[in-house]
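Visitor: Please take me through the sheet of this model, strand by strand, and show me what packs on it.

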Amino acid sequence: MNRDYLDKLLQSKKYRDVCPDTVRRIWAECEARYKKPKDADKAAREALHGITGAFLTPADAAACAESLRDWAALDRPDALLAEALRRHASTRERLPLHAMDALYGRIFEITGRPGRVLDLACGVNPIYLGARGYDVTGVDISASAVGLVNGFGASCGAPVRAVCADLLCDGGIPAERFDVALMFKVLPLLERQRTSAAARVMDAVNAAFIVASFPTRTLGGRNVGMAGHYADWMATHLPDNRAVAGQFETDNELCYILKEL
Ligand SMILES: C[S@@+](CC[C@H](N)C(=O)[O-])C[C@H]1O[C@@H](n2cnc3c(N)ncnc32)[C@H](O)[C@@H]1O
C-alpha cells in the first residue's frame, strides 16, 4: 500500500471529515485497479466525492449547530428545528416538518411505535427523531453529521447518539437488536460503492423492521421515472428473510417497510 498517497488523502482538507475506514477502503480498491499511484489517487478522489457529495458543507454544519443551540436555549421551537435540519441536503428534501411528521406517522402506524431506532447512513436525521422523543442510534461516514447528532443528544439530554463508521467495513453495522432500522436514500448509494452491498447490509441488519427509502426526484426536482426504477430494484433485491409490510410514496420519496419473517 502506498502510504504517502493514502496519508495525503486522509489529511486532505476535503476528506478529513470522512470516516478514515472509508478513505482506506476506497484507496485500497483504487490502488488494486490502477498501476500508477497517481491514477489511483485521481480515481479515489472521484469516488470519495461521489460518496460524500455535498450533503453537508462546513458552513451548513456550523449554521445547523447554531440553530440547534438556539433551539435548546429557547423553548425548543419547531421553526429552529426545521432551520437546523434544512442544512443537510437530504433532510431538506423531506421538509417542512409537518411532512416529516406525516412520513414517520405512516411508518410507525405499520411498525408500531419503536423503542429503539437504528438510522443507517443517517445524515442529521436522528436530530429530528430525538426532538420528537425517539431513542435513536445513527451511523454515518460524515464526522460533521455525527458530531451534530451527538452534540444535540448531549445538549438536550435526548437518547440520541451516532457513530462515525462505514457500513461496508467490518463492525460498521451495530450488532445489537433494534425495533426499526432506517435506510433512507442510501441503498442505491451503497450499491454504487460496491456491487451487492445493499443486499449484504440489509442481511446484516438486526431489526424487526427495515424501512428503506429511495429518492423519486432528481436534485433539480424533476420526476424522471425514478419511482418505477427503484420499485423494480426493490422487487429483485428483497432479502429472503423479509416481506413487504407496507409501501407508499410521498412527493419525492418511495418508502418500503420490510418486516422480518
Ligand atoms: C442521501 S444521504 C441520506 C441521509 C439520510 N439517510 C436521510 O435520508 O436524510 C446519504 C448519506 O449516506 C452517508 N454514507 C454514504 N456512504 C456510506 C457508507 N458506506 N457508510 C455509512 N454512511 C454512508 C453519507 O455520508 C450521507 O450522509
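Guide: Here is the sheet, followed by the helices on it. This is a predicted model: local features need pLDDT of at least 70, side-chain atom pairs count only at pLDDT 80 or more, and totals for chains, interfaces and linings use all residues. Numbering starts from 1 along each chain as its sequence is written.

Seven strands make an open sheet. Their order is β3-β2-β1-β4-β5-β7-β6, with mixed pairing. Strands here are DSSP runs of E, at least two residues long, and helices are runs of H or I, at least four, numbered from the N terminus. Two strands pair if DSSP finds at least two bridges between them. The edges belong to β3 (160-164) and β6 (242-249). Each has a single partner strand, so one side of each lacks a neighbour in the sheet. On average, neighbouring strands are turned by 20° against each other, direction ignored.

Now the β6 edge. β6 pairs with β7 (residues 253-260) in the antiparallel sense, over seven bridges. Phe 248 stands opposite Cys 255 in β7.

Two helices pack on this sheet. Helix α7 (residues 97-111) touches β4 (178-184), β5 (207-215), β6 and β7. Contact means C-beta atoms, placed from the backbone, within 7 Å. The direction of α7 makes about 15° with that of β7. Axes are lines fitted to C-alpha atoms, for helices over the stretch in contact, and angles run from 0 to 180 degrees between N-to-C directions. Helix α12 (residues 226-237) touches β5, β6 and β7. The direction of α12 also makes about 15° with that of β7.
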